[in-house]
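Open the structure in your viewer and keep the selection panel at hand. The stops below say what to select next and what is there.

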Amino acid sequence: MSLAGSGTAHLRPQDQRLLSVEDLHVRFKTAGGVVQAVSGISFDVVRGETLGVVGESGCGKSTAGRAVLRLGEVSDGNIRFGDTDVLAADRKQMIGLRSRMQMIFQDPVASLNPRRPVRQLVVEGLTVTGASADERATRARKVMDSVGLDYDRFADRLPRQLSGGQAQRVAIARALAVGPDLLVCDEAVSALDVSVQAQVINLIEELKAEFDLTVVFIAHDLGVVKTISDRVMVMYLGKVAEVGEPEALYETPAHPYTRALLDSVPTPEVEGGFAGPALAGDIPSPLSPPSGCRFRTRCPLAQDKCAQEEPQLRQATTGQYFACHFPLVPAA
Amino acid sequence: MSAGPVSTGKAAGEPENSEPRSTVPAGAAPASARVSDADQARVAGGSLAQQVAAPSLAGGMSGVASPVVPPLRKRRNVLLWLSLGWMALVVLLAALAPVLPLADYSAPIGFPRADPSGELDQWLGLDNQGRSVLSRLIHGAQVSLLLGLLAGVIATTIGTVLGLVAGYFRGRVETAIMFLTDVLLAFPPLVLLLAISSILRPSFNTLLLGLTVLVIPSFVRISRAQTLNWAARDFVLAARNMGFGRVRIAFREVLPNVVPSVLALLPTIVAALIVAEGSLSFLGLGLPAPTPSWGGMISDGKDFLRLDPQLILIPAVAIFLTIFALNQIGDYARSRFDRTVQD
């Protein structure tokens with residue numbers, strides 16, 4: 001394969017995809033050099049599916065999420081949403097697109113304007129299209145009801161008078177109000193208490209069914225992602241390491257990085273609380289990523305080939321796709 | 001879907017806690033309310049009554065006295081109230097100056113430098129030309145306050161918008177605005193004012209222009225700093241994701257958050273402006289005679305410092321009290337409205 005990126009073997013037929021991203025590059029120029037935040041990743045999301053994206057901080061998962069919604073810079077690549085080329089969309093098309101693609105942010109309180117009451121916040125998106133005050137009020141009541149917030153109690157509250165979970169519900173209501181097809185949750189539960197996390201995740205699941213949503217769920221917690229995803233993508237330093245159905249990926253990971261991530265999840269047993277050795281060292285600097293396979297500097301299986309040749313995505317016998325020269329599961 | 005670490009209780013649809021994280025003013029009201037409830041329970045007497053009346057307080061632990069939460073001590077800021085009182089008095093007198101039964105500030109009513117006496121116009125004595133000091137002080141307040149406030153408000157408006165534009169739109173606009181700001185800040189203020197006053201003829205408008213230009217940079221800087229801070233928040237990104245344009249986001253989403261911090265700076269700046277106007281008048285570059293201003297009165301009295309120090313003392317005390325009061329109010333405004341200081 002001679003593609004610039006890490007391969008597209010895992011992509012599904014065009015007509016099924018709601019969102020497809022091909023060979024996405026995001027580079028930031030900084031004083032210290034060019035940060036390669038995302039380096040040629042490709043992925044797709046089929047209508048109605050939930051794609052979980054996991055990886056350590058700094059692996060480019062949030063950058064990729066923002067790029068899809070054109071909220072961040074895109075250096076290169078191709079993003080299609082439905083029939084629309086997202087990167088080529090003009091201002092008018094973009095306003096239409098924005099109502100179909102919504103995002104939930106990590107810090108729920110920071111994602112709400114501190115000077116607006118909930119009643120206004122949840123219907124922010126409708127003012128763009130020029131909905132009347134009556135329409136907005138009706139809609140506000142409806143979406144707040146959908147996310148389990150009592151309109152009369154919360155309507156006049158300001159964001160700082162909400163708990164993290166309540167604020168995240170408001171943010172979800174705001175996204176729902178414009179009737180989106182795609183919901184990108186960028187670490188949407190990472191900042192919440194564990195009990196509240198479960199509630200918000202359940203809520204997203206329910207809303208997904210109720211409103212026919214397609215969800216991209218970005219998180220660093222493998223456990224969270226496993227429960228809700230139809231497909232999981234593991235990212236490392238701006239590249240896709242492994243992608244596939246959660247069953248295959250969690251039971252029989254092919255990429256040593258996925259294995260390492262799974263091993264660093266604590267198990268309930270007291271003895272040997274961790275299944276394997278912790279990942280040594282830090283994620284390398286995206287200013288000068290390692291040659292060949294980017295994981296090789298921390299990989300227990302790395303050999304000379306890994307430094308010279310970049311692995312392309314291949315399918316494993318267990319069904320998932322991985323980018324590794326020496327996989328833990330044989331290639332199909 | 002298999003049960004992972006997160007699939008706990010099925011409480012979805014219910015908000016997780018019923019109380020807001022914090023009420024707007026973290027004041028004493030809730031605490032004292034709780035105490036009075038507990039007191040009532042105790043007055044009702046008997047452990048039964050207490051158990052019935054206070055389960056929500058004691059959390060259902062029988063036999064344990066409900067905790068008594070002392071009400072938060074409210075700090076009374078005497079200085080702030082005195083400051084507000086002084087400013088109210090000054091503003092009121094200045095505003096009512098034309099209708100008050102005061103002597104004309106430009107006409108002599110007695111011997112030069114007459115000592116204070118019982119008559120209203122002579123309460124504070126007469127100046128070098130035999131004019132009522134009280135009348136001149138009150139009319140002078142009009143000029144000093146009006147100049148300070150007008151220059152302050154105009155500079156706030158211009159400075160905030162420039163800072164917002166620089167901080168939100170960045171790029172070349174920012175470079176240009178910040179370069180001008182830095183140039184202005186590097187200029188010694190008095191030299192700038194002297195230059196403006198000598199090139200243009202000293203008049204109310206000239207002074208207003210000079211003083212406004214002088215303080216715009218302070219507002220640009222704080223507005224830009226605040227804009228940088230607020231524009232980086234996720235709610236700005238969320239607004240973009242809703243399809244709002246950049247101008248609307250700058251003025252409707254970011255600006256309302258920037259304004260409080262900028263306004264908190266206003267009283268302090270007005271105080272500085274009154275001092276600046278005083279200095280100019282003292283140097284003879286203020287408003288032309290016979291219009292009184294506090295700085296001008298000090299200037300007029302400087303030759304009689306030894307014999308009649310009250311000629312300088314009275315306007316000096318007026319300036320001192322006003323500046324002090326404005327700074328007190330400014331400090332309070334900052335701690336109350338500028339959330340960047342508290343958080």
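Select strand β9 and strand β10 (residues 239-244) of chain A: they pair in the antiparallel sense over five bridges. Strands here are DSSP runs of E with at least two residues, helices are runs of H or I with at least four, and both are numbered from the N terminus. Two strands pair if DSSP finds at least two bridges between them. This is a predicted model, in which local features need pLDDT of at least 70 and side-chain atom pairs count only at pLDDT 80 or more, while totals for chains, interfaces and linings use all residues. Residues are numbered from 1 along each chain as its sequence is written, and chains are lettered from A and ligands numbered from 1 in the order in which they are written.

Stay with this hairpin. A:Val232 has A:Gly244 in β10(A) as its bridge partner. Two residues lie between the strands of the hairpin, and A:Leu237 takes a positive phi near 50°.

Now select β9(A) alone, residues 231-236. Six of its six residues are buried, so the strand is largely enclosed by the rest of the structure. A residue is buried if 20 or more other C-beta atoms lie within 10 Å of its own, exposed if 12 or fewer, and partly exposed in between, with C-beta atoms placed from the backbone. In a regular strand the side chains alternate between the two faces of the sheet. On one side of β9(A) are A:Arg231, A:Met233 and A:Met235, on the other A:Val232, A:Val234 and A:Tyr236, and all are buried.

Add strand β3 (residues 50-54) of chain A, which pairs with β9(A) in the parallel sense over four bridges. Look for A:Val54, whose bridge partner in β9(A) is A:Val234.

Widen the selection to the whole sheet. Eight strands of chain A form an open sheet in the order β6-β7-β8-β3-β9-β10-β12-β11, with mixed pairing. At the edges stand β6 (101-104) and β11 (314-315) of chain A, each with a single partner strand, so one side of each is left without a neighbour in the sheet. At the β6(A) edge, four bridges join this strand to β7 (residues 182-186) of chain A, and the two run parallel. One bridge to show there links A:Met101 to A:Leu182 in β7(A).

Next, select the other sheet. Which strands make up the open sheet of four in chain A? The order is β2-β1-β4-β5, with antiparallel pairing. Its edge strands are β2 (33-46) and β5 (84-85) of chain A, each pairing on one side only. Strand β4 (residues 76-81) of chain A is joined to β5(A) by two bridges and runs antiparallel to it. In β5(A), A:Asp85 is the bridge partner of A:Arg80.

Zoom out to chain A. It comes to 12 helices and 12 strands. Its radius of gyration, taken over C-alpha atoms, is 21 Å, close to the 20 Å that the globule rule gives for 332 residues, so chain A is as compact as a globular protein of that length; the rule is 2.2 Å times the number of residues to the power 0.38. The C-alpha trace spans about 65 × 50 × 40 Å along its principal axes. Buried residues make up 49% of the 332 residues.

Switch to chain B, which has 13 helices and zero strands. Of its 343 residues, 36% are buried.

Select helix α4 (residues 78-96) and helix α5 (residues 133-169) of chain B. They pack at an angle of about 105°, with their axes 8 Å apart; axes are lines fitted to C-alpha atoms, for helices over the stretch in contact, and angles run from 0 to 180 degrees between N-to-C directions. α4(B) and α5(B) are therefore roughly perpendicular to each other, a label for angles of 65 to 115 degrees. Among the residues making the contact are B:Val90 and B:Val91 of α4(B) and B:Ile138 and B:Leu145 of α5(B). Residues are in contact if their C-beta atoms, placed from the backbone, lie within 7 Å.

Last, select the largest nonpolar core, which has 162 residues. A nonpolar core is a set of buried Ala, Val, Leu, Ile, Met, Phe, Trp, Tyr and Cys residues joined through C-beta atoms within 7 Å. Those with the most contacts inside this core include A:Val234 and B:Leu273. Helix α10 (residues 246-282) of chain B gives the largest share, 16 residues. B:Leu273 is found in that helix, and with 26 C-beta neighbours inside 10 Å B:Leu273 counts as buried.

Terms used
Parallel < 35°, antiparallel > 145°, perpendicular 65-115°, else oblique. Contact = placed C-beta atoms within 7 Å.
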